[in-house]
Amino acid sequence: MEATSENRSPGRLFSWIERVGNKVPNPFLLFVYLIVVLMVATAIISALDLAVKNPSNGEIVRVNNLLSVAGIQWILPNIIKNFSSFTPLGSILALVIGAGLAEKVGLLQSLMVKMASRVSRRYASYMVLFIAFFSHISSDAALVVMPPLGALIFLAVGRHPVAGLLAAIAGVASGFTANLLIVTTDVLLSGISTEAAKAVSDTVHVSVIDNWFFMATSVIVLTIVGALLTDKFVEPRLPQWQGNGEKLAALTPLENRGLRAAGIAALLFIAVMALLVVPEHAPLRNPATGAIIPSPFIQGIVPIIILFFFVVAIAYGVVTRQIRRPDDIPQLLVDPMKGMAGFIVMVFPLSQFVAFFNWSNMGKFMAIGLTDMLESAGISGAPAFLGLMFLSAFLCMFIASGSAIWSILAPVFVPMFMLLGFHPAFAQMIFRIADSAVLPLAPMSPFLPLFLAFLQRYQKDAQLGTYYVLIFPYPLVFFISWIALLMVWYLLGLPIGPGVWPKLP
């Protein structure tokens with residue numbers, strides 16, 4: 001099933017984006033070319049002996065020359081290690097194994113039919129986006145699981161699956177730091193902000209809940225904005241979805257029994273996990289503090305999700321006789337992994353580029369250099385807000401880790417904001433808006449090839465430019481909406497978290 005080529009005019013801007021994007025080489029070749037450019041750039045910067053000073057510890061940061069003797073001696077022994085130890089690769093493939101088993105035994109298809117009778121076609125966009133925001137508790141796993149689920153929900157209610165896919169990507173990527181619950185992002189960033197605040201005051205502390213009011217409200221606002229954007233702009237401009245005339249067949253009694261078995265298995269799994277997490281001295285709590293965040297439970301969320309998929313899929317498969325003997329399980333896992341071959345190929349040069357970029361110190365060099373430029377320009381007030389926003393968004397294009405970016409920016413911007421009378425949690429909040437909003441566009445993101453692969457399931461001829469023109473409205477509108485919400489929040493003087501206001505007391 002795929003979309004037909006007939007489409008409404010996307011407008012000059014989006015046509016230009018698609019033309020430019022489609023001229024970009026295949027992602028595999030793109031990263032090969034970027035590696036060459038990076039090598040030459042490190043050689044030039046190293047030859048000029050350029051350096052910057054890290055404001056957090058006074059360390060002099062120089063770029064390591066990838067074309068030097070030391071660089072070559074590092075590259076050759078580490079090429080295989082760079083690929084095999086690339087963390088997103090293992091997580092993504094493992095999650096695909098779990099979700100793939102659920103798909104092969106027919107569980108996902110049966111759920112789709114069941115949802116078609118329960119989910120309103122009119123409110124499907126709101127449902128997908130809200131679930132996407134809620135899924136942030138699973139961290140990066142949400143970026144793998146949620147997009148195809150969004151497409152399935154839209155298919156279930158007779159809407160365009162690509163619209164559901166794009167809405168889900170927007171929710172999990174552009175809205176990555178907007179959460180109803182406290183997640184690992186809050187823990188990581190608040191710790192960095194607290195350390196940076198010590199440069200001005202040892203008494204100011206940023207807790208994990210200091211952005212909660214604003215970020216929880218952001219979930220509601222962005223769900224509404226994203227759903228309206230999907231319904232009124234994105235979906236009407238998609239190619240007509242034909243679906244080869246296929247219709248969802250009614251569930252058989254055997255499939256209904258399978259769903260009941262999967263539901264019981266899911267409840268039992270959740271009950272067991274609750275026993276391992278909820279009690280005060282539960283084994284999956286933090287052994288030192290007894291907290292849930294951080295804890296072995298949060299750190300092990302990906303394997304827990306994989307195990308959940310296996311439990312419910314096997315329960316369904318056994319009842320529906322898709323699994324008759326244990327040997328059937330590995331056989332069913334082969335096809336999902338075949339579908340990831342293109343992604344694995346693209347990840348090889350991507351993993352090398354990320355490793356080369358980190359070893360060369362280019363990311364730290366760029367971030368500190370750009371930050372120094374803003375600081376030396378004497379920027380303050382509203383220009384400081386905008387400077388932090390756009391610098392964060394720019395660095396997100398090149399550095400995949402938000403906490404790594406904030407660890408570089410915080411030592412400059414947190415003291416700057418505090419001296420202007422603003423709470424460090426407010427500076428942190430501004431960073432989170434910019435870093436999150438543009439995430440689906442980041443060429444260095446390990447999830448970009450995966451998003452493209454998801455799109456190609458429904459639009460076989462889709463290229464990188466196609467993906468960019470389809471997803472571009474979401475980062476743009478989310479960014480503008482978030483800035484507008486921030487301005488309203490600031491002008492009304494509302495607290496951004498429990499007992500925390502934009503300005504210091």
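Student: Is R260 buried or exposed?

Tutor: This is a predicted model, and R260 lies in helix 11, residues 253–277. A residue counts as exposed when its relative accessible area is over 50%. Because R260 has a relative accessible area of 52%, the answer is exposed.

Student: Which residues form a positive surface patch together with R260?

Tutor: A residue must have over 30% relative accessible area to belong to a patch, and R260 has 52%. The residues that join R260 in the positive surface patch are R257, R321 and R324.

Student: Where does R321 lie, and what is its phi?

Tutor: R321 is found in the loop between helix 13 (301–319) and helix 14 (328–332). Most residues other than glycine have a negative phi. R321 is not a glycine, although its phi is positive, at about 65 degrees.

Student: Which residue has a positive phi of about 70 degrees?

Tutor: The residue lies in the loop between helix 16 and helix 17 (362–376). It is partly exposed, with a relative accessible area of 23%. It is not a glycine, and its name is N361.

Student: How many helices and how many strands are in the protein chain?

Tutor: The protein chain has 505 residues, of which 51% count as buried. Its accessible surface comes to about 22800 Å², and 67% of that area belongs to carbon and sulfur atoms. The elements in the chain are 23 helices and two strands.

Student: Among contacts between residues at least 6 apart in sequence, what share joins residues at least 24 apart?

Tutor: One pair separated along the chain is L155 and V113, which are 42 residues apart, with 9.2 Å between their C-alpha atoms. For the contacts in the protein chain between residues at least 6 apart, the share that joins residues at least 24 apart is 80%.

Student: Is L155 buried or exposed?

Tutor: L155 has its place in helix 7, residues 141–156. The cut-off for a buried residue is under 20% relative accessible area. Because its relative accessibility is 15%, L155 counts as buried.

Student: How far apart in space are L267 and V312?

Tutor: L267 has its place in helix 11, and at 59% relative accessibility it counts as exposed. L267 and V312 are 45 residues apart in sequence. From C-alpha to C-alpha, the separation of L267 and V312 is 9.6 Å.

Student: How many of the 11 residues of helix 21 are buried?

Tutor: Helix 21 spans residues 448–458 and is mostly covered. Its buried residues are L448, P449, L450, F451, L452, F454, L455 and Y458. What covers them includes helix 2 (27–47), helix 4 (87–104), helix 7, helix 8 (161–174), helix 16 (341–360) and helix 22 (464–471). The number of buried residues in helix 21 is eight.

Student: What accessible area does the nonpolar patch that includes L29 have?

Tutor: L29 is found in helix 2 and counts as partly exposed, at 36% relative accessibility. The other residues of this nonpolar surface patch are V32, Y33, V36, V40, I44, L48 and L50. Together the residues of the patch have an accessible area of about 680 Å².

Student: How many residues apart in sequence are the parts that R62 and D49 tie together?

Tutor: The structure holds nine salt bridges, and one of them joins the side chains of R62 and D49, at 3.3 Å from N to O. R62 lies in strand 2 (residues 60–62), while D49 lies in the loop between helix 2 and strand 1 (51–53), so the pair ties together parts whose separation in sequence is 13 residues.

Student: Which residue forms a salt bridge with D186?

Tutor: D186 lies in helix 9 (residues 184–197) and its partner in helix 20 (residues 424–437), so the pair ties together parts that are 246 residues apart in sequence. Both D186 and its partner are buried. The closest N and O atoms are 3.0 Å apart, and the partner is R432.

Student: Which residue forms a salt bridge with D328?

Tutor: D328 counts as buried, at 16% relative accessibility. Its partner counts as partly exposed, at 48% relative accessibility. The closest N and O atoms of the pair are 3.8 Å apart, and the partner is R325.

Technical notes
Residues are numbered from 1 along each chain as its sequence is written. Side-chain values use heavy atoms; hydrogens and water are left out. Patches are made of residues with over 30% relative accessible area and no salt bridge: like charges are joined within 9 Å, nonpolar side chains (Val, Leu, Ile, Met, Phe, Trp, Tyr) within 5 Å. Accessible areas come from the Shrake-Rupley method with a 1.4 Å probe; for residues, only the protein chains shown count as cover. A salt bridge is a side-chain nitrogen of Lys or Arg within 4 Å of a carboxyl oxygen of Asp or Glu. Lys and Arg count as positive and Asp and Glu as negative; His and the chain ends are not counted. The place of a charge is taken as NZ of Lys, CZ of Arg, CG of Asp or CD of Glu. Helices (H or I, at least four residues) and strands (E, at least two) are DSSP runs, numbered from the N terminus. Buried means under 20% relative accessible area, exposed over 50%, partly exposed in between (1.4 Å probe, protein chains only). Contact means heavy atoms within 4.5 Å.
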